[in-house]
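Student: Hi! Could you walk me through this one?
Tutor: Happy to. Let's have a look together.

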Number of protein chains: 2
Amino acid sequence: MRQAGRYMPEYRKLREQHSLLDLCHTPELAAQVTLQPVERLGVDAAIVFADILLPFEPLGLGLSFAAGEGPHIANPLSRQADVERLPRVDPEADLGYVLEAVRLARAALPADIPLIGFAGAPFTLASYAIEGGSTRTFTRTKTLMYQAPDTWHLLLNKLAELVGGYLAAQARAGAQALQLFDSWVGSLSPQDYRTYVQPHSRRALALATEAGVPVIHFGTGTAAFLEDFAAAGGDVIGVDWRIPLDDAWRRIGEAHAVQGNLDPAALLAPAPERDRQVRDILTRAGGRPGHIFNLGHGVLPETDVGAVRAVVDLVHGR
Amino acid sequence: MRQAGRYMPEYRKLREQHSLLDLCHTPELAAQVTLQPVERLGVDAAIVFADILLPFEPLGLGLSFAAGEGPHIANPLSRQADVERLPRVDPEADLGYVLEAVRLARAALPADIPLIGFAGAPFTLASYAIEGGSTRTFTRTKTLMYQAPDTWHLLLNKLAELVGGYLAAQARAGAQALQLFDSWVGSLSPQDYRTYVQPHSRRALALATEAGVPVIHFGTGTAAFLEDFAAAGGDVIGVDWRIPLDDAWRRIGEAHAVQGNLDPAALLAPAPERDRQVRDILTRAGGRPGHIFNLGHGVLPETDVGAVRAVVDLVHGR
């Protein structure tokens, strides 16, 4: 998960002076934010500070973030011509500021703290590009998917090539692991996942895997098609709290590592309940190698940073 | 699912002159809207036109609907005292207008078209009452659940008694089946469902079952804890499109009937893709008795009414 965020006082302080996009666009600041959770929380890895929607800028989609409102896409995609017109994105030239943030963060991090690069998965990116922002129903996304499957596959193919190359570029810049976020894939039926999404996730993950570092494939709401989700690729499968970790791992198979899966809301619970949930996950992981303890999704802004630190300490102390 | 809605021209016409709450509060109009889908779509059953949040009015929570914005709760619950203060709701006295709509709709419907009554499940109602409206993260809901479990259980117990009695009253007024909607229960981990929600759903369903008519227990995102969801009660288990119907039915067991599970977005697809998905569900149901064909959630406002009619005809023609 993106570790830095509004729950951290030092991050909020930076945000008083810089917009989210300013932070992302300024490698020195992005690297600084990348390091904040390592210092504050004592986590075992850092994840570069960026946003999954940054590739929308070189794609010409017009990205902005209104305060407290989430992303806004000025030029959403709706027609075949829109998708055909999308320019080819060169991560080195067009997203070089993220790669520079990776280099700076890698140089500043302690040698024993790996740095994770990340990108949004083709489906999740497509949903924002088509809806123009967040959605609960994915109506426009699924309408295009069903009504214009050729346009859909062209779009997802372009996004897969883009994010696969972008992830590989982050590895070349110094990221020692890569994560593909398919946050909204759980809105799909298992059949639609296989037909419309899995081939493109597979392509993106294959391109990322060529970089030679471990790849984490994360999704939420994947309980009904976890086998297919895992089959798309990734050395590590990230799952949310909606499925018990041991059930998930058994279904994914021991050839994969697993990441997860504390409900971010558990960080809002009193310590005994929070710690009980943490211990339950560790018990379900069974002490086997190949479990990355993590939340099942991002830290909620309302979270007390001390609660996050306490969870890190509890996991380490075990 | 609630069958009438913005996708129907005759419903939109009524809404030009009446607010959603006006329609609900006026039994003659609510009964009229209840009949619209039967006439327009040729469905096998009608569901009374109402809203799951209507009980918030006698509870003193202050319910309103802003245009296109979903529900707003003026007095959301946050403290033990708020919950203790909630008045006991008498469905006959406090929601009599719904019961009158049931009576009028029953009297107006053809004898071979059963009428379904419904209510929101304790968890889904609690989430609105605590958040003050819709939410993507259920942050306040889960915070109260974890921080103040006594308050939580008191609230859910009160809601269970309320909706259980309300459902039974609808059966006495003429509803020949009852449905409990737990639309947002899929936001919970399986363990939290068992601990914080299942006992209260069980109580509500037990009270409804005493009325002596079939009870449908509907939820979305339940793939990871479907067995526990079914064990809470209900003769029929409603599932969304996120799980294949045959998988769901096998896990629920043949002692239960099953309802579902077309993705509402499939109604936006071209006819061949839409019909393929409908046939796939019918095939998975295997022609056995005990399958109620339905959507996995409500009809999207963008839906063409002809597409809904075509699905009804396809299901009937098979």
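Tutor: One term before we start: copies are superposed by least squares on the C-alpha atoms of residues with pLDDT of at least 70 in both. The pLDDT comes in since this is a predicted model.

Student: Okay, what rotation and shift put chain B on chain A?
Tutor: Chain B lands on chain A after a rotation of 180° with 0.0 Å of shift along the axis, and the RMSD is 0.0 Å. The two copies are thus related as by a two-fold rotation axis.

Student: And which residue of chain B comes closest to the rotation axis?
Tutor: That's B:Ala223, with its C-alpha at 3.1 Å from the axis.

Student: Let's go to the contact. How many residues does each chain put in?
Tutor: Chain B brings 25 residues and chain A brings 25 residues. On the side of chain B that touches chain A, helix H8 (residues 139-147) of chain B gives the most, with 5 residues. That side of chain B divides into 13 nonpolar, 7 polar and 5 charged residues.

Student: Do the copies meet through the same surface or different ones, and why?
Tutor: The same surface, because 100% of the interface residues of chain B are also interface residues in chain A.

Student: New topic: sheets. What's the strand order in chain B?
Tutor: Chain B has an open sheet of 7 strands in the order E1-E4-E5-E6-E7-E8-E9, with parallel pairing. At the edges stand strand E1 (46-47) and strand E9 (291-295) of chain B; each has a single partner strand, so one side of each is left without a neighbour in the sheet.

Student: How many bridges join E7 and E8 of chain B?
Tutor: There are 3 bridges between strand E7 (residues 236-238) and strand E8 (residues 257-262) of chain B, and the two strands run parallel. In one of the pairings, B:Ile237 has B:Val258 of E8(B) as its bridge partner.

Student: What about the sheet in chain A?
Tutor: Chain A has an open sheet of 7 strands too, with parallel pairing and the order E1-E4-E5-E6-E7-E8-E9. Strand E1 (46-47) and strand E9 (291-295) of chain A are the edge strands, each pairing on one side only.

Student: Which residue is the bridge partner of A:Phe218 in E7(A)?
Tutor: A:Gly238. Strand E6 (residues 215-219) and strand E7 (residues 236-238) of chain A run parallel and are joined by 3 bridges.

Student: Last one: which strands does helix H9 of chain A touch?
Tutor: Helix H9 (residues 149-172) of chain A packs on the sheet and touches strand E4 (115-120) and strand E5 (177-182) of chain A. The direction of H9 makes about 165° with that of E4(A).

Key
Residues numbered from 1 in each chain as written. Chains lettered and ligands numbered in written order. Predicted model: local features only at pLDDT ≥ 70, side-chain atom pairs only at ≥ 80, totals over all residues. Contact = placed C-beta atoms within 7 Å. Helix = DSSP H or I, 4+ residues; strand = E, 2+ residues; numbered from the N terminus. Nonpolar A, V, L, I, M, F, W, Y, C, P; charged D, E, K, R; others polar. Pairing = 2+ DSSP bridges. Axes fitted to C-alpha atoms, helices over the stretch in contact; angles between N-to-C directions.
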